[in-house]
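Visitor: I should like a close look at the aromatic residues of this protein and at what surrounds them. Please begin with a single side chain and work outward from there.

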Amino acid sequence: MNVGRMNTEDGAKYCEIGEDFVAIIEGDVFSDSHDVGPRRHLKNVELLMPIQPSKLLVVLGAFPGARTLEEARAQPPKLAAKLISSMIANHEAVVIPSWVESGIFAEPEIAVVIGKTVKDASVEEASAAIFGYTAFNDVTLLDAIWNGGDYLKAKSLDTFGAIGSWVTTDVTEKEIEAGLSLRAFVNDEVVHEGNTKLFTHSVAETVSTASRLCTLFPGDLISLGTPPNPAPIDRGDTVRIEVESVGSVISPVK
């Protein structure tokens, strides 16, 4: 099922999203006890960001790069925080501040959405806490990392976290380990790609590590990292991130 949020006369509601329809979800979307209401045509509704996380984390160095896989796996997943205020919905614009001349990069990523409250979770408990996955563009001012290691400035500027229209609950950890393609397009040209089969750590290992740093709540988001050598973007571009079997997110750059 693809789960999102839509604007209604009673405010924002979680919904099931089909090929050409939406249906409001009644009850706790993160439990098995919710109900799905009557269908409405997709073109007649306004979709919002699919979740409202209390926190947004991103994985650093998710791929081995120049390291061997054994060297990479010897260290736990490394995580950074990205402010919630950086998040934008599908088709909203990434806005580059006037003081930034260059050094902005699109980073195609698959993000895991948490479905249960977990703290200090084992790998097995972390796996059971996964709700689903979504496409994410971890827009980054890499110059701020290269020149001083300022991850807040690099990752958390307004509009620097673009999320797809839905969370899919059908993709499994095994499918991610077997390999899903991650691709970034700029003006409809492929500029960066990779595959989840090359992740250094499993999704459950990453969620488990994150849960030792902070309590994870339903709806929290962990973007699982980008392949090496991301592509630069600039004002006037249109960026599309595609995650195989999950979805996409499109952002004009202003």
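**Aromatic residues and their surroundings**

Guide: Phe105 is buried, for its relative accessibility is 12% (buried is under 20% relative accessible area, exposed over 50% and partly exposed in between, for a 1.4 Å probe and protein chains only). The model is predicted, so local features need pLDDT of at least 70 and side-chain atom pairs pLDDT 80 or more, whereas totals for chains, interfaces and linings use all residues. Residues are numbered from 1 along each chain as its sequence is written, and side-chain values use heavy atoms, without hydrogens and water.

Phe105 belongs to strand 9, residues 104-106 (strands are DSSP E runs of at least two residues, helices H or I runs of at least four, numbered from the N terminus). Leaving aside residues up to four places away in sequence, the contacts of Phe105 are Asp138, Val139, Thr140, Leu142, Trp146, Pro230, Ala231, Pro232 and Ile233, contact being heavy atoms within 4.5 Å. One of these partners, Leu142, stands 37 residues from Phe105 in sequence, yet the C-alpha atoms of Phe105 and Leu142 are 6.9 Å apart in space.

From this side chain we may turn to rings that meet other rings. A search of the whole structure yields four aromatic pairs (rings of Phe, Tyr and Trp, the last by its six-membered ring, with centres within 6.5 Å; stacked under 30 degrees between planes, edge-to-face over 60, tilted for the rest). One of the four joins Tyr14 to Phe30: the centres are 6.1 Å apart and the planes meet at 75°, an edge-to-face arrangement. Tyr14 is in strand 2 (residues 11-17), while Phe30 is in the loop between strand 3 (21-26) and strand 4 (35-41); the pair therefore ties together parts that are 16 residues apart in sequence. Tyr14 is partly exposed because its relative accessibility is 23%, whereas Phe30, with a relative accessible area of 19%, is buried.

Phe30 also pairs with Phe131. The centres of these two rings are 4.8 Å apart and the planes stand at 65°, so this pair is edge-to-face. Phe131 belongs to strand 11 (residues 130-138) and Phe30 to the loop between strand 3 and strand 4, so the pair ties together parts that are 101 residues apart in sequence. Phe131 is buried, as is Phe30. Taken together, Tyr14, Phe30 and Phe131 make up one aromatic cluster.

Other rings in the model have a charged partner. The charged end of Arg39 is placed over the ring of Phe21, at 3.7 Å from the ring centre (NZ of Lys or CZ of Arg within 6 Å of the centre and within 35 degrees of the ring normal). Over the face of Phe185 lies Arg240, 3.9 Å from the centre of that ring.

A further arginine, Arg73, appears in the surroundings of a serine. Ser202 is located in the loop between strand 16 (189-195) and helix 6 (203-213). The relative accessible area of Ser202 is 17%, and Ser202 is therefore buried. Beyond residues up to four places away in sequence, Ser202 touches Arg73 and Glu177.

To return to the starting point, Phe105 has contacts that include Trp146 and Pro230, and Phe105 itself lies in strand 9. Phe30, for its part, is a member of the aromatic cluster with Tyr14 and Phe131.
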